[in-house]
Amino acid sequence: MDGQGMVQVYTGDGKGKTTASLGLAMRAVGHGLKVLMLQFLKNDENYGEIKSVKYLPDFEICQVGRDCFVNFANPDPIDVKMVRSGWEKAKDAITAQKYDIVILDEINVAIAYGLLPVKEVIDFLECRNSGKTEIVFTGIAAPLELIELADLVTEMKNVKHYFNLGIESRTGIDH
């Protein structure tokens with residue numbers, strides 16, 4: 001991959017942030033690049049991306065959350081511990097430059113709700129030597145500091161969603 005690794009942010013209240021990062025990952029592995037996706041606040045082996053990753057060379061996904069919703073008003077200490085552990089894995093992967101792209105799926109949510117201090121993330125990004133490693137942050141409510149630091153920011157806007165009509169998450173489309 002040519003050039004310095006950049007920082008991308010996919011945020012907003014609309015659907016498609018994780019999906020966009022998965023599209024980037026597919027494009028990358030199609031060109032022989034190595035991708036790591038760390039899924040924060042998720043642990044469900046029934047997600048389509050977990051099932052399909054075995055067909056894609058050089059694409060790893062690691063879920064670093066529990067299989068239940070996090071109470072953001074009063075997070076369980078295990079959720080904080082799992083976010084911290086995932087962040088350490090992310091920093092190690094970025095620093096080692098083993099991957100061309102490291103996707104930090106839903107990390108914006110963990111930062112927004114205080115499970116991971118934004119200052120710590122920004123300090124790491126400002127001091128890193130990412131070399132070739134592209135870093136992608138996904139999730140609602142990306143902090144302003146991250147948006148300002150990023151090289152690319154895409155905001156997904158919810159204009160209309162079938163969830164509002166009572167249609168539940170659909171296998172293969174929404175997860």
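This is a guided tour of a predicted model, taken one selection at a time.

**Helix α1**

Begin by selecting residues 17-30, which form helix α1; its 14 residues reach 20 Å from the first C-alpha to the last, close to the 20 Å expected at 1.5 Å a residue. Now colour K17, T18, S21, L22, L24, A25, A28 and V29, which are the buried residues to look for in this helix. They cover an arc of only 155 degrees around the axis, which means that they sit on the same side of α1. An α-helix has 3.6 residues a turn, so residues three or four places apart point the same way. Turn the view to the face directed away from the buried side of α1, and there you will find the exposed residues M26, R27 and G30.

What lies over the buried residues of α1? Show the neighbouring elements, and you will see that the cover includes the strands β1 (7-11), β2 (35-40), β3 (59-64), β4 and β5 (134-138), together with the helix α2 (48-52). Before leaving this region, step to G32, just after α1, where phi is positive at about 80 degrees.

**Strand β4 and D105**

Next select residues 101-105, which make up strand β4, and pick out D105 within it. Is D105 buried or exposed? Its relative accessibility is 0%, and D105 therefore counts as buried, the cut-off for that term being under 20%. Display the side chains of D105 and T138, and a polar contact of 2.6 Å can be traced between them. If residues up to four places away in sequence are set aside, D105 touches T18, M37, L38, Q39, F40, K42 and T138; of these contacts, T18 has already appeared among the buried residues of α1.

**The nonpolar cores**

Stay with β4 and move to L104, which, leaving aside neighbours within four places in sequence, is in contact with L38, F40, W87, A90, I135, V136, F137 and T138. L104 also belongs to the largest nonpolar core, a set of 31 residues in which F40, L41, W87, L104, I107, L125 and F137 touch the most other members. At least two residues of this core come from each of β1, β2, α3, β4, α4 (107-112), α5 (118-127) and β5, and α3 gives the most, with five residues. Apart from this core lies another, of 15 residues, and a selection of L24, V53, I101 and I103 will show some of its members.

**Two loop residues with positive phi**

Now go to the loop between α2 and β3 and select D58. Although D58 is not a glycine, its phi is positive, at about 60 degrees, and at 39% relative accessibility this residue counts as partly exposed. Continue to Q97, placed in the loop between α3 (77-96) and β4; here too phi is positive in a residue other than glycine, with a value near 55 degrees. Q97 has a relative accessibility of 24% and so counts as partly exposed.

**H175**

For the last stop, select H175, in the segment after β6 (152-155). This residue is partly exposed, with a relative accessible area of 26%. Which residues does H175 contact, leaving aside its neighbours within four places in sequence? They are N46, Y47, G48, S169 and R170. A distance drawn between the C-alpha atoms of H175 and G48 will read 5.8 Å, although the two residues are 127 residues apart along the chain.

Note on methods. Residues are numbered from 1 along each chain as its sequence is written. This is a predicted model: local features need pLDDT of at least 70, side-chain atom pairs count only at pLDDT 80 or more; totals for chains, interfaces and linings use all residues. Side-chain values use heavy atoms; hydrogens and water are left out. Helices (H or I, at least four residues) and strands (E, at least two) are DSSP runs, numbered from the N terminus. Buried means under 20% relative accessible area, exposed over 50%, partly exposed in between (1.4 Å probe, protein chains only). A polar contact is a pair of N or O atoms within 3.5 Å; within protein, one must be able to donate a hydrogen and the other to accept it, and residues adjacent in sequence count only if both atoms are side-chain atoms. Contact means heavy atoms within 4.5 Å. The expected span of a helix is 1.5 Å times one less than its number of residues. The arc is that of the directions from the helix axis to the C-beta atoms. A nonpolar core is a set of buried Ala, Val, Leu, Ile, Met, Phe, Trp, Tyr and Cys residues joined through side-chain atoms within 4.5 Å.
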